[in-house]
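Me: Got a minute to go through this one with me? I'd like to start with the charged pairs and then move on to the fold.
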Amino acid sequence: MGYNSCFDIIGPIMVGPSSSHTAGAVWIGRAAYELLGGVPDHAEIKLFDSFAETYQGHGTDKAILGGLLGFDTEDTRIKHAYDFASDANLNCEFVLEENCKEFDHPNVAILTVQLGTQKMVIGGASVGGGLAKIFRINDYKNLDMSVSTFDDLKKIVRRIAEEVA
């Protein structure tokens, strides 16, 4: 399922409280940041199931914003992500949904992000231990891309760039 060592299960060095609700969520936001090529001007962040129920209490909202700002999982600025988002003119809205029909997992987020005229949709799930699965990029659905390191993310960006070119 994408785990390479026991440290993948323990989780990464991160800002807490939860590897699923923060580190994995950072990777979903960071995937959008990398694929878009910078901090979006606008982000609609749909949270499903457990993410929707606990997002503020577990810091999932700040984690995703931190990822959209290009922060890493251990970046302490995540705690103040709303302030940094405001400074970066990142307008965001959270939409809370019950179940995701695209991916069956309790920790799912679908981000619709825009930077200038470029718009992207990124779907991801935080599957535990700080590991995220990217299952959608724009019209490419049913993807199975694991992210738990910046190298994983670079591979995804490279693969998408090759497919779009």
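Me: Is Glu-102 buried, partly exposed or exposed?
Reply: Partly exposed: its relative accessibility is 27%. Keep in mind that this is a predicted model.

Me: And which residue forms a salt bridge with Glu-102?
Reply: That's Arg-136, and the closest N and O atoms of the pair are 2.8 Å apart. Arg-136 sits in strand S5 while Glu-102 is in the loop between S2 and S3, so the salt bridge ties together parts that are 34 residues apart in sequence.

Me: Is Arg-136 buried or exposed?
Reply: Buried, because its relative accessibility is 14% and the cut-off for buried is under 20%.

Me: How many salt bridges are there in the whole structure?
Reply: Six turn up in the search. One of them joins the side chains of Arg-77 and Asp-75, at 2.7 Å from N to O. Asp-75 is buried at 17% relative accessible area, whereas Arg-77 is partly exposed at 35%.

Me: Which residues are joined into a network by salt bridges that share partners?
Reply: Arg-30, Glu-34 and Asp-72. Within that network, Arg-30 and Glu-34 have their closest N and O atoms 2.8 Å apart.

Me: Where are Arg-30 and Glu-34 relative to each other in helix H2?
Reply: They are four residues apart in H2, which covers residues 19–36, so about one helical turn separates them. Arg-30 also counts as buried, with 8% relative accessibility.

Me: OK, switching to the sheet. What's the strand order?
Reply: S2-S1-S3-S4-S5-S6, six strands in an open sheet with mixed pairing. S2 (91–97) and S6 (140–147) are the edge strands, each pairing on one side only. On average, neighbouring strands are turned by 20° against each other, ignoring direction.

Me: What does helix H4 touch on that sheet?
Reply: H4 packs against S1, S2 and S3 (107–115), and its direction makes about 140° with that of S1.

Me: Why is H4 described as largely enclosed?
Reply: Because eight of its nine residues, in the 60–68 stretch, are buried, the rest of the structure largely encloses H4. The buried ones include Ile-64, Leu-65 and Leu-68, along with Gly-66 and Gly-67.

Me: What about the backbone just after H4?
Reply: Gly-70 has a positive phi there, about 90°.

Me: Back to the strands. Do S1 and S2 run parallel or antiparallel?
Reply: Parallel, with seven bridges joining S1 (residues 42–48) to S2. As one example of a bridge, Leu-47 is partnered with Leu-96 in S2.

Me: And how do S4 and S5 run, parallel or antiparallel?
Reply: Antiparallel, with six bridges between S4 (residues 118–128) and S5. Ser-126 has Ala-132 in S5 as its bridge partner. These two strands make a hairpin with two residues between them, and Gly-129 in the turn has a positive phi of about 65°.

Me: How many bridges does S5 have with S6?
Reply: Five, and S5 (residues 131–137) runs antiparallel to S6. Lys-133 is a bridge partner of Ser-146 in S6, and Ile-134 stands opposite Met-145.

Me: Which residue takes a positive phi in the S5 and S6 hairpin?
Reply: Asn-138, with phi near 55°, in a hairpin that has two residues between its strands.

Me: How many residues of S5 are buried?
Reply: Seven of its seven, so to speak a mostly covered strand.

Me: Last topic, the cysteines. How many disulfides does the structure hold?
Reply: Zero.

Me: Is Cys-92 buried or partly exposed?
Reply: Cys-92 is partly exposed, at 29% relative accessibility. Cys-100, on the other hand, is buried, with a relative accessible area of 13%.

Conventions: Residues numbered from 1 in each chain as written. Predicted model: local features only at pLDDT ≥ 70, side-chain atom pairs only at ≥ 80, totals over all residues. Heavy atoms only, no water. Buried < 20%, exposed > 50% of the residue type's maximum accessible area, 1.4 Å probe, protein only. Pairing = 2+ DSSP bridges. Axes fitted to C-alpha atoms, helices over the stretch in contact; angles between N-to-C directions. Contact = heavy atoms within 4.5 Å. Disulfide = S-S within 2.5 Å. Salt bridge = Lys/Arg side-chain N within 4 Å of Asp/Glu carboxyl O.
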